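Hi,

Here is the structure I promised to pass along. Have a look at it first, and my notes follow underneath.

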Amino acid sequence: ASVEGMDRQLKEEGESWKRELDLDNGSTMAARGQEQWPVPMRAIGAQNLLTMPGGITQSGYLHKKGASQWKIMKWPLRYVIIQKGCIYYFKSSTAAIPQGAFSLNGYN
């Protein structure tokens, strides 16, 4: 094989890897036709998320560090659902709307 042929093959392989492992932001990825990070749904209940097609990655209760009152820390329970690159947290597993939601875009 010639040096030029090997260079071309390496360049093509490198471009292929770059497309597969592209770490650019979502807008650049969308412009190239690649998968974009999901945006969390703001008005969806916990039970609706749990029964959506495509499934969930993980769900369960966690303690959230809250404010202190009279030097006593409060640690309220929150029901957390990880679904399609987003984290949702609710007061309970039957709550109608999330207390908060955010995308995992940018987290390692």
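To start with the fold as a whole: among contacts in the protein between residues at least 6 apart in sequence, what percentage join residues at least 24 apart? The share comes to 41%. Bear in mind that this is a predicted model.

On confidence, the mean pLDDT is 75, with 67% of the residues at 70 or more. Residues 16–33 are the stretch to watch: pLDDT there is below 50, although in the model this stretch has ten contacts beyond near neighbours in sequence. Where pLDDT is low, the predicted coordinates should not be read in detail.

As for the overall layout, the protein has three helices and six strands, and along the sequence they run α-α-α-β-β-β-β-β-β. Of the 108 residues, 21% are buried. The protein exposes about 8,300 Å², and carbon and sulfur atoms account for 56% of that.

Now the core. The largest nonpolar core has ten residues: Ile-44, Ala-46, Leu-49, Tyr-79, Ile-81, Cys-86, Tyr-88, Phe-90, Ala-95 and Ala-101. At least two of them come from each of α3 (46–50), β4 (77–83) and β5 (86–90), and β5 gives the most, with three. That fits a general pattern: in soluble globular proteins, nonpolar side chains tend to be buried together.

Phe-90 is a good place to centre your viewer. Setting aside neighbours within four places in sequence, Phe-90 is in contact with core members including Ile-44, Ala-46, Leu-49, Tyr-79, Ile-81 and Ala-95. Its other partners include Ile-97, Pro-98 and Gln-99, and Arg-78 is on the list too.

So is Arg-78 buried or exposed? Arg-78 counts as buried because its relative accessibility is 15%, under the 20% cut-off. This residue lies in strand β4. Beyond four places in sequence, Arg-78 is in contact with Gly-60, Tyr-61, Leu-62 and Lys-64, and also with Tyr-89, Phe-90, Lys-91 and Gln-99.

Lys-64 turns up again around Lys-74, which sits in the loop between β3 (72–73) and β4. Lys-74 is partly exposed, because its relative accessible area is 43%, between the 20% and 50% limits. The C-alpha atoms of Lys-74 and Lys-64 are 8.3 Å apart, with the two residues ten apart in sequence. Not counting residues up to four places away, Lys-74 touches Lys-64, Lys-65, Gly-66, Ala-67 and Gln-69.

Cheers

Methods. Residues numbered from 1 in each chain as written. Predicted model: local features only at pLDDT ≥ 70, side-chain atom pairs only at ≥ 80, totals over all residues. Heavy atoms only, no water. Core = buried A, V, L, I, M, F, W, Y, C linked by side-chain atoms within 4.5 Å. Buried < 20%, exposed > 50% of the residue type's maximum accessible area, 1.4 Å probe, protein only. Helix = DSSP H or I, 4+ residues; strand = E, 2+ residues; numbered from the N terminus. Contact = heavy atoms within 4.5 Å. pLDDT = per-residue confidence, 0-100. Areas by Shrake-Rupley, 256 points an atom, 1.4 Å probe, with all protein chains shown as cover.
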